Amino acid sequence: MISNHGSKDMTVDVLIIGAGASGAAAAASLSEAGFKVKCLEQGFWQDPSKYASASANYDFEMLTNWSVDPNKRQREEDYPINIDNSPVTPVMFNGVGGSTILWSAHTPRFHPSDFRVKTLDGVADDWPLTYEELEVYYDRNDEVMGCSGINGDPANPPRKPRQMPPLPIGSDGMRLINAFEELNWHWWPSDSYINSEPYGEGREACNFCGHVHMGCFKRAKASTDLTYWPLALKNGAIIETGARVRRVTTNSSGIATGADYVDSKGVERHQPARSVVMAANGIGTPRLLLLSKSDSHPNGLANSSGLVGKNLMFHPFAMITGVFPENMKTWRGPLSNFAMSQEFYETDKSRGFDRGYTYQFQRSLGPGWVANGGFTSPIPWGEGHHEELEKRLGSMMAIAVIGEDLPELHNTVDLDPDLTDSDGIPAPRINYTISKNSRDQLDHGIKNATKVFETAGASDIYVDPLMRQSGWHLMGTARMGEDISNSVVDQWGQTHDVDNLFIIDGSVFVTGAAVNPTPTIQALALRTAAYIIANRNDLKG
């Protein structure tokens with residue numbers, strides 16, 4: 001499908017690969033500045049009336065046709081991922097809006113210290129930019145996406161007021177918060193790209209139906225198909241959906257010239273461009289760069305450092321769940337966006353590990369999800385099944401431990417020698433192990449979260465020490481830096497090897513912090529777009 005007007009064969013100024021969080025933000029900014037922008041997206045526009053959240057069988061749909069795991073979802077537009085050598089399953093969504101379609105929209109920012117971990121803590125590397133340099137782009141992104149939240153958090157710097165007040169905490173949320181208060185530990189209402197009041201065109205406030213993370217058919221949750229893409233299309237940008245990119249093409253001088261792709265009808269096409277922007281996520285981007293090897297780039301595009309696909313970072317998740325004696329109807333409201341704690345975020349060497357973790361407070365979901373285990377273990381069939389289901393349903397709250405996953409060279413994305421997608425394009429293969437430092441973070445978080453549930457009066461406590469299906473956050477596989485031998489892009493997202501090739505997704509992260517990365521990804525994309533606008537008029541036709 002072609003959105004807006006224009007010929008598929010016309011040379012564009014900027015070709016963006018991927019229509020998710022970062023690609024949408026860059027497309028809106030660049031098109032507003034007069035660049036001819038086209039985006040190739042292998043997924044499609046989504047019909048909100050068909051989301052799992054709109055179905056009477058939402059539990060079943062969430063676990064199957066709308067699973068966040070592409071290996072389970074198995075749509076035609078997905079690609080398989082070899083996870084045989086990873087305890088964490090990457091999760092993502094292909095379509096206009098990308099993973100913002102199925103995300104929880106929990107949107108805390110990085111801390112200033114997250115950009116200086118080498119200087120402060122002697123681990124990993126410093127970013128070649130600071131929080132202060134990124135702040136204006138964080139603010140701009142909040143304005144477009146719409147942020148619910150409140151100022152005053154002592155764990156974070158002062159900032160502009162949010163667009164909306166925070167989402168209601170509810171009596172179930174207060175059960176956990178009162179325990180944190182009793183323990184004298186930090187907590188704060190979460191920043192969220194979910195409307196607490198009407199914001200944006202045709203977007204009402206969250207009605208607490210409890211399904212928001214499954215694709216919000218009420219449009220209360222921000223996704224870039226609702227926020228940035230309408231702006232980009234109004235400016236003349238083009239999206240071609242169902243477009244599966246095979247490779248980024250280069251000329252004899254090694255300069256990017258566009259991309260070869262398979263269109264929605266299965267026809268092989270080429271889209272010429274004066275520059276290419278990669279926005280295919282921390283797995284999709286290194287996959288395509290490795291697929292794009294040529295005589296000028298024999299080890300893969302932009303890979304003279306050998307770091308494309310290296311230093312993969314997830315956020316290791318542990319989940320601690322408490323079952324309470326009373327039914328609090330915990331299926332109501334956003335799953336994970338009412339409050340968080342960063343009591344153990346910054347490095348404290350006495351804890352025995354570097355950096356730290358965030359606590360994200362969680363609710364529960366409906367009967368199918370609970371019966372299937374939810375954040376606990378599945379309820380056994382047979383005698384006692386209904387009694388146990390009744391005990392857990394509406395009575396469970398959880399705390400996620402989100403640890404900072406420091407970069408390690410042996411954690412990689414490469415090309416599988418055998419597995420392919422439906423067009424025969426080699427699929428990505430993940431090789432990942434959780435480090436001792438990450439394991440120590442999670443164990444520390446489990447111990448303290450257990451104390452929270454004991455304080456809160458939970459009758460049963462369940463621990464998942466490492467959630468397998470938790471790889472939402474895909475980072476580090478084309479890292480940013482000043483040293484061309486130790487990074488793939490510079491501080492503006494421009495690849496060291498290819499003057500007109502940029503990367504704007506989570507691949508460029510130097511470190512992963514201990515919070516959800518999407519606002520930082522989008523702020524970086526806006527910053528790269530601003531750099532192109534100010535400095536690269538040579539890319540305009």
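**Entry 1. Phe 453**

I looked up Phe 453 first and found that its relative accessibility is 0%, so it counts as buried. The structure I am reading is a predicted model. I located Phe 453 in helix 11, which covers residues 436-456. I then listed what Phe 453 touches, leaving aside neighbours within four places in sequence: the contacts are Leu 176, Ile 320, Thr 321, Gly 322, Phe 324, Met 397, Ala 398, Ile 399, Ala 458 and Ile 461. I also checked Phe 453 against Glu 204, 249 residues apart from it along the chain, and noted 34 Å between the two C-alpha atoms.

**Entry 2. Confidence**

I next consulted the pLDDT values. The protein chain has a mean of 94, and 99% of its residues reach 70 or more. I marked residues 1-7 separately, since pLDDT stays under 50 there. For that stretch the model has 19 contacts beyond four places in sequence.

**Entry 3. Nonpolar cores**

I recalled that nonpolar side chains tend to be buried together in soluble globular proteins. I found that the largest nonpolar core holds 92 residues, and that Ile 16, Trp 127, Trp 229, Met 278 and Phe 509 have the most contacts inside it. Helix 12 (residues 518-535) gives this core its largest share, eight residues. I followed Phe 509 further and, not counting residues up to four places away, recorded contacts that include Phe 110, Trp 127, Met 313, Met 475, Arg 479 and Leu 524. I noted another core lying apart from the largest one; this second core has 41 residues, among them Ala 179, Trp 185, Tyr 359 and Leu 466.

**Entry 4. Salt bridges**

I obtained a count of 32 salt bridges and examined three of them.

I began with Arg 355 and Asp 114, whose side chains meet at 2.8 Å, N to O. Arg 355 sits in the loop between strand 12 (339-341) and strand 13 (357-362), and Asp 114 in the loop between strand 4 (82-85) and helix 4 (117-121), so this pair ties together parts that are 241 residues apart in sequence. I found both Arg 355 and Asp 114 buried.

I turned next to Arg 162 and Asp 191, which form a salt bridge with their closest N and O atoms 2.8 Å apart. Arg 162 belongs to the loop between helix 5 (131-145) and helix 6 (170-183), whereas Asp 191 belongs to the loop between strand 5 (188-189) and helix 7 (228-234), so the pair links parts 29 residues apart in sequence. I read a relative accessible area of 15% for Arg 162, which is buried, and 7% for Asp 191, also buried.

I then took Asp 260 and Arg 247, which meet at 3.0 Å, N to O. Asp 260 lies in strand 8 (residues 256-262) and Arg 247 in strand 7 (residues 244-250), so this bridge ties together parts that are 13 residues apart in sequence. I noted that Asp 260 is buried at 18%, while Arg 247 is partly exposed at 34%.

I closed this entry with a network: salt bridges that share partners join Arg 109, Asp 139, Asp 142, Arg 159, Arg 162 and Asp 191.

**Entry 5. The sheet 7-8-9**

I traced an open sheet of three strands in the order 7-8-9, paired antiparallel. Strand 7 and strand 9 (268-272) are the edge strands, each pairing on one side only. I recorded an average twist of 25° from one strand to the next. Strand 7 and strand 8 pair over six bridges. I finally found Arg 244 opposite Val 262 in strand 8.

Definitions and conventions. Residues are numbered from 1 along each chain as its sequence is written. This is a predicted model: local features need pLDDT of at least 70, side-chain atom pairs count only at pLDDT 80 or more; totals for chains, interfaces and linings use all residues. Side-chain values use heavy atoms; hydrogens and water are left out. A nonpolar core is a set of buried Ala, Val, Leu, Ile, Met, Phe, Trp, Tyr and Cys residues joined through side-chain atoms within 4.5 Å. Buried means under 20% relative accessible area, exposed over 50%, partly exposed in between (1.4 Å probe, protein chains only). Helices (H or I, at least four residues) and strands (E, at least two) are DSSP runs, numbered from the N terminus. Contact means heavy atoms within 4.5 Å. pLDDT is the predictor's confidence in each residue, from 0 to 100. A salt bridge is a side-chain nitrogen of Lys or Arg within 4 Å of a carboxyl oxygen of Asp or Glu. Two strands pair if DSSP finds at least two bridges between them. Axes are lines fitted to C-alpha atoms, for helices over the stretch in contact, and angles run from 0 to 180 degrees between N-to-C directions.
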